[in-house]
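Trainee: Could you take me through the cross-links and strand pairing of this model, and show me how each feature is read?

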Amino acid sequence: FAEMQKGTPLGQKTVVRAKMNMTDLNKACRDPVLFRVSMQDHHRTGSRYKVYPTYDFACPVVDSLEGVTLALRTSEYVDRNAQ
């Protein structure tokens, strides 16, 4: 993770994954990517951060913090449904 924070060549090739149930029939739930590196400057924080959460990881966390109990999904999430 330290290499990712520094943005080194090794860190840029690395992601943080959650090792979950590798036998789950839904392949999206087996080992999802949680964090990845982006070397592009952020529109608010500039180059301060290089490691960012993926959309699939960040949205449920934010929804939980904000008290969201129901979210409507569009068709881009179809591949995350149980197979």
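Mentor: Let us begin with disulfides, each being a pair of cysteine sulfur atoms within 2.5 Å; a search of the whole structure finds zero of them. This is a predicted model, in which local features need pLDDT of at least 70 and side-chain atom pairs count only at pLDDT 80 or more, while totals for chains, interfaces and linings use all residues. Residues are numbered from 1 along each chain as its sequence is written, and side-chain values use heavy atoms, with hydrogens and water left out.

Trainee: Why is the sulfur of Cys29 without a bond?

Mentor: Its closest cysteine sulfur, in Cys59, is 15 Å away, which is too far for a bond.

Trainee: How many salt bridges are there?

Mentor: A salt bridge is a side-chain nitrogen of Lys or Arg within 4 Å of a carboxyl oxygen of Asp or Glu, and by this rule the count comes to one. Arg17 pairs with Asp31, their closest N and O atoms being 3.1 Å apart. Since Arg17 lies in strand E1 and Asp31 in the loop between E1 and E2, the pair ties together parts that are 14 residues apart in sequence.

Trainee: Which strands pair with E2?

Mentor: Strands (E, at least two residues) are DSSP runs, numbered from the N terminus, and two of them pair if DSSP finds at least two bridges between them. Two bridges join E1 (residues 16–17) to E2 (residues 33–37), running antiparallel, with Val16 opposite Phe35. Three bridges join E2 to E3 (residues 51–53), also antiparallel, where Arg36 has Tyr52 as its bridge partner.

Methods: Helices (H or I, at least four residues) and strands (E, at least two) are DSSP runs, numbered from the N terminus.
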